[in-house]
Amino acid sequence: MSRRVIIFVLAAGAAVFGAIAISQAASTPGAQPSHAPVVRPAHKSAATLVGHFSVLRSAAAASSVPALPATTAEHLTEAGTMVAGYRLEPAQARYLGVGGTQAWVVPGANGICLVIPTPDGSAIATGCGLATEVSRTGILQVQRPSSGPVVYGLVPTGDSVTVTNQDGSHSNVPVASNFFKYSGPAAQSVSIHSAAGTVVQTMALATSAGE
């Protein structure tokens, strides 16, 4: 069975995510508008991204490092999709490995995505946003395996991450190469703070009864 690509798009101006599941075995259904095809000349990642994410200033991944899955790269550059306007460059993806988790940062001329396979390997979750928005708020992405929620994030250089627990206590989360992973049964929410200490994005982890 082919894996799915789950794309989360960061809404401009708010930490709100919409989700759409896209089969890797087929293109986006329905006719595409005539203006949908994206012209893709060679270009560099947006300067604002390089300035806010130090991981993009590192050399491209070596051949010994796991490459971004080809099917994921195809969906990230497919004309007429939710992320087509970001003009992403999969060839410029940076690999991040934390605690056995594979992740890739995929920059583009207008946006950036954080790509992470789900724990069971059935899908690849991708959180994306405009370069100007993500450079301010970062990206937070949650996956919910049977063992409990796991939060992943792409964090602007100099920003920090904290967890608020159900008892009201707080703890810091280590960030490496603009990336973090966190899981904990007592966590109520995870927040990204700017270098000045202001909360720029928060993700609640509690679910409604019966979920």
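**A salt bridge, a disulfide, a sheet and two cores**

Glu133 and Arg136 lie three residues apart in helix α3, so about one helical turn separates them. In this predicted model, the two residues form a salt bridge, in which the closest N and O atoms are 3.2 Å apart, and the structure holds one salt bridge in total. The two partners differ in their surroundings: Glu133 is buried, with a relative accessible area of 9%, whereas Arg136 is partly exposed, its relative accessible area being 44%.

Helix α3, which covers residues 131-137, also takes part in the largest nonpolar core, as one of the elements that give two or more residues to it. The other elements that do this are the strands β4 (101-107), β5 (111-117) and β8. This core has 18 residues, and those with the most contacts inside it are Phe53 and Ile112. Phe53 touches Ile112 itself, and, when residues up to four places away in sequence are left out of the count, its contacts also include Val134, Ser135, Leu154, Val155 and Pro156, together with Thr157 and Asn178. Apart from this group there is a second, separate core of 14 residues, among them Val161, Val163, Tyr182 and Ile192. As a general background to such groupings, nonpolar side chains in soluble globular proteins tend to be buried together.

Strand β5 leads on to the disulfide, of which the structure has one. The bond joins Cys113 and Cys128, whose sulfur atoms are 2.0 Å apart, and with 110° about the S-S bond the link is right-handed. Cys113 belongs to strand β5 and Cys128 to strand β6 (residues 123-130), so that the pair, 15 residues apart, links distant parts of the chain. Both Cys113 and Cys128 are buried.

Strand β8, already met as a contributor to the largest core, is also part of an open sheet of three strands, which has the order β7-β8-β11 and antiparallel pairing. Because β7 (139-143) and β11 (179-183) stand at the edges of the sheet, each with a single partner strand, one side of each is left without a neighbour there. On average, and with direction ignored, neighbouring strands of this sheet are turned by 15° against each other. The pairing of β8, which spans residues 150-154, with β11 is antiparallel and runs over five bridges, and within it Val150 has Ser183 of β11 as its bridge partner.

Terms used. Residues numbered from 1 in each chain as written. Predicted model: local features only at pLDDT ≥ 70, side-chain atom pairs only at ≥ 80, totals over all residues. Heavy atoms only, no water. Pairing = 2+ DSSP bridges. Helix = DSSP H or I, 4+ residues; strand = E, 2+ residues; numbered from the N terminus. Axes fitted to C-alpha atoms, helices over the stretch in contact; angles between N-to-C directions. Core = buried A, V, L, I, M, F, W, Y, C linked by side-chain atoms within 4.5 Å. Buried < 20%, exposed > 50% of the residue type's maximum accessible area, 1.4 Å probe, protein only. Contact = heavy atoms within 4.5 Å. Salt bridge = Lys/Arg side-chain N within 4 Å of Asp/Glu carboxyl O. Disulfide = S-S within 2.5 Å.
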